[in-house]
There are 2 protein chains.
Amino acid sequence: MRGGGYKATPQRMSVLRTLAKEQHQTLEDIRTQCPEVGLVTVYRTLDLLVGLGIVRRLDLGDGARYELAEDHHHHMICEQCGEISEFEQCPLDPGRLPAGDGFEVRSHSLEVYGRCAACG
Amino acid sequence: MRGGGYKATPQRMSVLRTLAKEQHQTLEDIRTQCPEVGLVTVYRTLDLLVGLGIVRRLDLGDGARYELAEDHHHHMICEQCGEISEFEQCPLDPGRLPAGDGFEVRSHSLEVYGRCAACG
DNA sequence: CGCTAATTGAAAAATTTTTTCAGTTGCAGA
DNA sequence: TCTGCAACTGAAAAAATTTTTCAATTAGCG
């Protein structure tokens with residue numbers, strides 16, 4: 001981060017620390033955990049981090065959420081109750097990823113929609 | 001749609017027709033193609049369709065977009081220029097989808113991030 | 001330690017989305 | 001086909017969300 005001429009301010013650290021705690025958080029989630037960081041700064045920090053590829057913004061059907069872009073993104077979303085959970089195992093077959101069209105794959109995000117056990 | 005006690009109004013038909021034309025459109029895209037439909041009605045229609053599972057809302061990093069939920073969703077997003085393209089072949093291995101936890105998979109959405117040929 | 005460009009926060013502006021409500025309309029039943 | 005009414009629509013207003021502005025502050029290089 002400092003490499004790009006950006007400063008490691010307490011506010012940015014605080015937002016990053018919050019993002020590291022939990023996945024797919026809303027702006028409000030982050031705000032709640034960073035009460036000492038101004039609203040505008042949270043927006044700007046997220047913009048910056050998204051721009052740097054450190055954070056990814058996603059919409060699972062209920063507004064913007066943010067999470068660290070480091071890991072894979074495998075979400076299960078219940079269409080009934082809206083619950084979002086995660087799973088680790090990557091069901092992707094690398095051999096079947098698009099190729100030959102010059103697109104270089106860096107990472108991916110997978111959302112599986114359906115019904116959770118509770119909503120059966 | 002009529003089954004659920006909903007009316008097949010011209011406005012709804014217009015929005016659906018627009019969604020059928022192209023994938024991942026923004027609200028403005030839809031508005032432009034449905035000038036005869038009021039802004040509020042577009043919002044309400046999309047909400048309804050999303051609620052019915054006919055349409056899916058997604059955020060590929062630049063705000064909400066909508067598309068028919070019928071098909072699979074395989075997007076390639078260039079992290080450099082933001083271009084969004086699609087590919088047909090599904091790289092998912094059904095055998096590796098999460099199971100045993102009672103979650104019933106209905107559909108899925110996959111976003112692949114990287115660099116497009118032009119941005120190499 | 002001092003300098004300077006980067007950063008911050010508060011207020012204001014712009015944008016996006018939702019609510020309200022009175023008038024309109026699709027469509028089920030007569 | 002006609003009728004009644006719940007569902008629907010649009011315009012305006014309200015609310016929520018995001019961005020811009022700008023003066024004051026600060027991280028970090030030298």
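Which side chain of chain A has an N or O atom 2.6 Å from a base nitrogen of DNA strand C? The exercises below work from a predicted model, and Exercise 1 takes up this question.

**Exercise 1. Describe how the protein meets DNA strand C.**

Solution.

Step 1. Start with the base. The side chain is that of Arg44(A), which places an N or O atom 2.6 Å from a base nitrogen of DNA strand C.

Step 2. Place the contributing elements. Two or more residues each come from α1 (10-21) and α3 (39-52) of chain A and from α3 (39-52) of chain B. With four residues, α3(B) gives the largest share of this surface.

Step 3. Turn to the phosphates. The side chain of Arg12(A) has an N or O atom 2.5 Å from a phosphate oxygen of DNA strand C. Lys7(A) uses a polar backbone atom instead, 2.9 Å from a phosphate oxygen of the strand.

Step 4. List the nearest residues. There are 18 residues around DNA strand C, and those that come nearest are Thr9(A), Arg12(A), Thr41(A), Arg44(A) and Tyr43(B).

Step 5. Give the balance. Sugar or phosphate accounts for 59% of the strand C atoms within 4 Å of the protein, and bases account for the rest. On the protein side, the surface has seven charged, six nonpolar and five polar residues.

**Exercise 2. Do the same for DNA strand D.**

Solution.

Step 1. Count and name. DNA strand D is surrounded by 20 residues, the closest being Tyr43(A), Thr9(B), Arg12(B), Thr41(B) and Arg44(B).

Step 2. Examine the phosphate contacts. An N or O atom in the side chain of Tyr43(A) is 2.4 Å from a phosphate oxygen of DNA strand D. Two backbones also take part: a polar backbone atom of Ala8(A) is 3.1 Å from a phosphate oxygen, and a backbone N or O atom of Glu36(B) is 3.5 Å from a phosphate oxygen.

Step 3. Place the contributing elements. Those with two or more residues at this surface are α3 of chain A, together with α1 (10-21) and α3 of chain B. The largest share, four residues, belongs to α3(A).

Step 4. Give the balance. Of the strand D atoms within 4 Å of the protein, 60% are sugar or phosphate atoms and the rest are base atoms. The surface near the strand is made of eight nonpolar, five polar and seven charged residues.

**Exercise 3. Characterise the contact between chain B and chain A.**

Solution.

Step 1. Take the extent. Chain A gives 37 residues to the contact and chain B gives 37 residues. About 3,400 Å² is buried between the two chains, with 54% of it on carbon and sulfur atoms.

Step 2. Find the main contributors in chain B. Arg96(B), Phe103(B) and Tyr113(B) supply 20% of the area that chain B buries against chain A, more than any other three residues.

Step 3. Count the polar interactions. Twelve residue pairs are in polar contact between the chains, while the count of salt bridges between them is zero.

Step 4. Assign the chain B side to elements. Two or more residues each come from β1 (55-59), β3 (73-78) and β5 (104-115) of chain B. The largest share, twelve residues, comes from β5(B). By class, this side has 17 nonpolar, twelve charged and eight polar residues.

**Exercise 4. Locate salt bridges in the structure and state how accessible their partners are.**

Solution.

Step 1. Take the total. Over all chains there are four salt bridges; three are treated here.

Step 2. Look at positions 93 and 96. In chain A, the side chains of Asp93(A) and Arg96(A) form a salt bridge at 3.2 Å, N to O. In chain B, Asp93(B) and Arg96(B) form one, with their closest N and O atoms 3.2 Å apart.

Step 3. Add the pair of Glu104(A) and Arg106(A), a salt bridge whose closest N and O atoms are 3.4 Å apart.

Step 4. Classify the partners. The class partly exposed lies between 20% and 50% relative accessible area. Asp93(A) is partly exposed at 23%, and so is Arg96(A) at 27%. Asp93(B), at 24%, and Arg96(B), at 28%, are partly exposed. Glu104(A) has 38% and is partly exposed, as is Arg106(A) with 43%.

**Exercise 5. Is Thr26(A) buried or exposed?**

Solution.

Step 1. Locate the residue. Thr26(A) sits in the loop between α1 and α2 (27-33) of chain A.

Step 2. Apply the cut-off. Thr26(A) is buried because its relative accessible area is 18%, and buried means under 20%.

Step 3. Name the contacts. Beyond its neighbours within four places in sequence, Thr26(A) is in contact with Ala64(A) and Arg65(A).

Definitions and conventions: Residues numbered from 1 in each chain as written. Chains lettered and ligands numbered in written order. Predicted model: local features only at pLDDT ≥ 70, side-chain atom pairs only at ≥ 80, totals over all residues. Heavy atoms only, no water. Near = heavy atom within 4 Å. Polar contact = N/O pair within 3.5 Å; in protein donor to acceptor, adjacent residues only side chain to side chain. Nonpolar A, V, L, I, M, F, W, Y, C, P; charged D, E, K, R; others polar. Buried < 20%, exposed > 50% of the residue type's maximum accessible area, 1.4 Å probe, protein only. Contact = heavy atoms within 4.5 Å. Buried area = accessible area lost by both parts, 1.4 Å probe.
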